[in-house]
Amino acid sequence: LMIRNIPSAYTQERLLREWRIDGIWDILYLPWNAKLGCNVGYAFVNFTSKVHAAAFQEKWQDQFLASFPAERPLDITVAEVQGFEANIAQMRKKRVDRIKIRQCLPVIVQNGRRVDLKK
């Protein structure tokens with residue numbers, strides 16, 4: 001899913017406090033603008049099943065995140081790229097794995113543990 005209207009002050013670590021690693025998703029990526037030092041206002045989350053994705057969308061659509069005020073509620077849509085392998089391939093194609101700051105890298109989860117994109 002693509003989640004829009006994420007307040008610019010949010011980091012991936014802050015999102016992880018609200019969207020815990022609990023087995024329903026395996027990729028969370030919040031693109032970061034290094035020049036401005038903030039996120040770009042949207043994130044991608046890949047879910048382990050369509051049921052989990054639909055439940056997440058139902059819960060969070062038109063809602064607000066807790067930590068920072070926002071003018072607009074979250075807007076959740078189906079992302080263009082679907083599936084774990086397809087998302088990893090897309091990130092490698094876009095050279096996301098060259099990002100040097102760990103907190104800007106996508107959060108990838110396998111077997112309940114966070115792993116690096118390069119693996």
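This text goes through the sheet of a predicted model, the helices that lie across its strands, and one buried aspartate.

The sheet is open and has six strands, in the order E6-E1-E5-E2-E7-E8. Pairing within the sheet is antiparallel. Strand E6, residues 75-77, and strand E8, residues 113-115, are the edge strands, and each of them pairs on one side only. From one strand to the next, the twist averages 25 degrees.

The pairings can be followed across the sheet. Strand E1, residues 2-4, is joined to strand E5, residues 42-47, by three bridges, and the two run antiparallel. Within E5, phenylalanine 44 is the bridge partner of methionine 2. Further along the order, E2 and E7 run antiparallel and are joined by two bridges. Here isoleucine 27 stands opposite isoleucine 108 of E7. Isoleucine 108 also has a bridge partner in E8, namely valine 115. E7 and E8 pair over three bridges, again in the antiparallel sense. These two strands form a hairpin with two residues between the strands, and in this hairpin asparagine 111 takes a positive phi near 55 degrees.

Two helices can be placed against these strands. Helix H2, residues 50-60, lies across E1, E5 and E6, and runs at about 160 degrees to E6. Helix H3, residues 84-93, lies across E2 (25-29), E5 and E7 (107-110), and its direction is at about 25 degrees to that of E2. E5 is thus crossed by H2 and also by H3.

Strand E2 holds aspartate 26. What is the nearest side chain of opposite charge to this buried residue? That side chain is arginine 114, 13 Å away, and aspartate 26 has no salt bridge. A salt bridge would require a side-chain nitrogen of Lys or Arg within 4 Å of a carboxyl oxygen of Asp or Glu. The aspartate 26 side chain does have a polar contact, of 2.7 Å, with the side chain of asparagine 46.

The remaining surroundings of aspartate 26 can be read from its contacts, leaving aside neighbours within four places in sequence. Asn46, Phe47 and Thr48 are among them, as are Val107, Ile108 and Val109. Phe84 is also in contact with aspartate 26, and residue 84 belongs to helix H3. Residues 46 and 47 fall in E5, while residues 107, 108 and 109 fall in E7. The contacts of aspartate 26 therefore include residues of E5, E7 and H3, where contact means heavy atoms within 4.5 Å.

How values were computed: Residues are numbered from 1 along each chain as its sequence is written. This is a predicted model: local features need pLDDT of at least 70, side-chain atom pairs count only at pLDDT 80 or more; totals for chains, interfaces and linings use all residues. Side-chain values use heavy atoms; hydrogens and water are left out. Two strands pair if DSSP finds at least two bridges between them. Helices (H or I, at least four residues) and strands (E, at least two) are DSSP runs, numbered from the N terminus. Axes are lines fitted to C-alpha atoms, for helices over the stretch in contact, and angles run from 0 to 180 degrees between N-to-C directions. Buried means under 20% relative accessible area, exposed over 50%, partly exposed in between (1.4 Å probe, protein chains only). Lys and Arg count as positive and Asp and Glu as negative; His and the chain ends are not counted. A polar contact is a pair of N or O atoms within 3.5 Å; within protein, one must be able to donate a hydrogen and the other to accept it, and residues adjacent in sequence count only if both atoms are side-chain atoms.
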